[in-house]
Amino acid sequence: MNALPYLPAGKTIAYVKEDHEFMQAAKQAAHALSFDPKHPIGAVIVKNGVIIGQGANGSVFHHWLGCLRKLLKIPTGKGYWLCPGCQPRHHAEPSALKAVQRDGIEVSGADMYLWGHWWCCQACWEKMIKAGINQVYLVEDAQQKFGG
């Protein structure tokens, strides 16, 4: 497996099977909430064994050419400025964080389960760290399943 494009000092990624209860919830969030039908990504935030929030990737921005980053074959995590829909504020992680914070629930100490992608970008990590997310979980073999 290749190294992750970005991993903050002192942080790790944990992996669970795709049939894990909370990973299945993240998958459901991806398919129910994502604005990107080609690459749906879902996230759930879990605290004390209870899902306290969920979110998905995408925005209502659609360019008639599609995603310029993808057309130019720009590597994942790069060139977000080229596509307003790809900007980190539209990623699944901040979407889930916004849902929890909007409901007034304390995020600190919670975990994040992310389905549909194989890593978290720097901007998303920064938001998760600031919110107090403990651990990030991805699907086992996420890099082979979702790109990289």
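A disulfide is a pair of cysteine sulfur atoms within 2.5 Å. The legends below refer to a predicted model, in which local features need pLDDT of at least 70 and side-chain atom pairs count only at pLDDT 80 or more, while totals for chains, interfaces and linings use all residues. Residues are numbered from 1 along each chain as its sequence is written, and side-chain values use heavy atoms, with hydrogens and water left out.

**View 1. Cysteines without a disulfide.**
The structure holds 0 disulfides. Why does Cys121 form no bond with Cys124? The sulfur of Cys124 is the closest cysteine sulfur to that of Cys121, but at 3.6 Å it is too far for a bond. Cys120 also has its closest cysteine sulfur in Cys124, here 6.6 Å away, again too far for a bond. Cys120 is buried, with a relative accessible area of 1%. Cys121 is buried too, at 6%. Buried means under 20% relative accessible area, exposed over 50%, and partly exposed in between, with a 1.4 Å probe and protein chains only.

**View 2. The fold as a whole.**
The protein has 5 helices and 5 strands. Helices (H or I, at least four residues) and strands (E, at least two) are DSSP runs, numbered from the N terminus. Their order from the N terminus is β-α-β-β-α-α-β-α-β-α. Of the 148 residues in the protein, 47% are buried. Among contacts with a separation of 6 or more, 64% come from residues 24 or more positions apart. Contact means heavy atoms within 4.5 Å.

**View 3. The open sheet.**
In which order do the 5 strands lie? The order is E1-E5-E4-E2-E3, in an open sheet with mixed pairing. Two strands pair if DSSP finds at least two bridges between them. Strand E1 (13–16) and strand E3 (50–56) stand at the edges; each has a single partner strand, so one side of each is left without a neighbour in the sheet. Neighbouring strands are turned by 25 degrees against each other on average, direction ignored. Axes are lines fitted to C-alpha atoms, for helices over the stretch in contact, and angles run from 0 to 180 degrees between N-to-C directions. E1 and E5 pair in the parallel sense, over 4 bridges. Tyr15 has its bridge partner in E5, namely Leu138.

**View 4. Aromatic pairs.**
The model has 4 aromatic pairs. Rings of Phe, Tyr and Trp (its six-membered ring) pair if their centres lie within 6.5 Å; planes under 30 degrees apart count as stacked, over 60 as edge-to-face and the rest as tilted. In one pair, the ring centres of Tyr113 and Tyr137 are 4.5 Å apart and the planes lie at 10 degrees, so the pair is stacked. This pair links distant parts of the chain. Tyr113 sits in strand E4 (residues 111–115) and Tyr137 in strand E5 (residues 136–139), 24 residues apart. Both tyrosines, Tyr113 and Tyr137, are buried. The rings of Trp118 and Trp119 have their centres 6.1 Å apart and their planes at 50 degrees, so this pair is tilted. Phe22 joins Tyr113 and Tyr137 in one aromatic cluster.

**View 5. The loop around His117.**
Where does His117 lie? His117 is in the loop between E4 and helix H4 (122–131). Its relative accessible area is 18%, so His117 counts as buried. The side chain of His117 makes a polar contact with the side chain of Trp119, at 3.2 Å. A polar contact is a pair of N or O atoms within 3.5 Å; within protein, one must be able to donate a hydrogen and the other to accept it, and residues adjacent in sequence count only if both atoms are side-chain atoms. Trp119 is buried at 3% relative accessibility. Trp118 is buried at 6%.

**View 6. Helix H3 against the sheet.**
Helix H3 (residues 92–102) lies across strand E2 (42–47), E3 and E4. H3 runs at about 130 degrees to E3. The buried residues of H3 are Ala92, Glu93, Pro94, Ala96, Leu97, Ala99 and Val100. The elements covering them include E2, E3, E4 and H4. After H3 comes Gly104, whose phi is positive, near 75 degrees.

**View 7. Gln101 in helix H3.**
Is Gln101 of H3 buried or partly exposed? Gln101 is partly exposed, with a relative accessible area of 46%. Leaving aside neighbours within four places in sequence, Gln101 is in contact with Val107 and Ala131. Gln101 and Gly53 are 48 residues apart in sequence and 8.8 Å apart in space, C-alpha to C-alpha.
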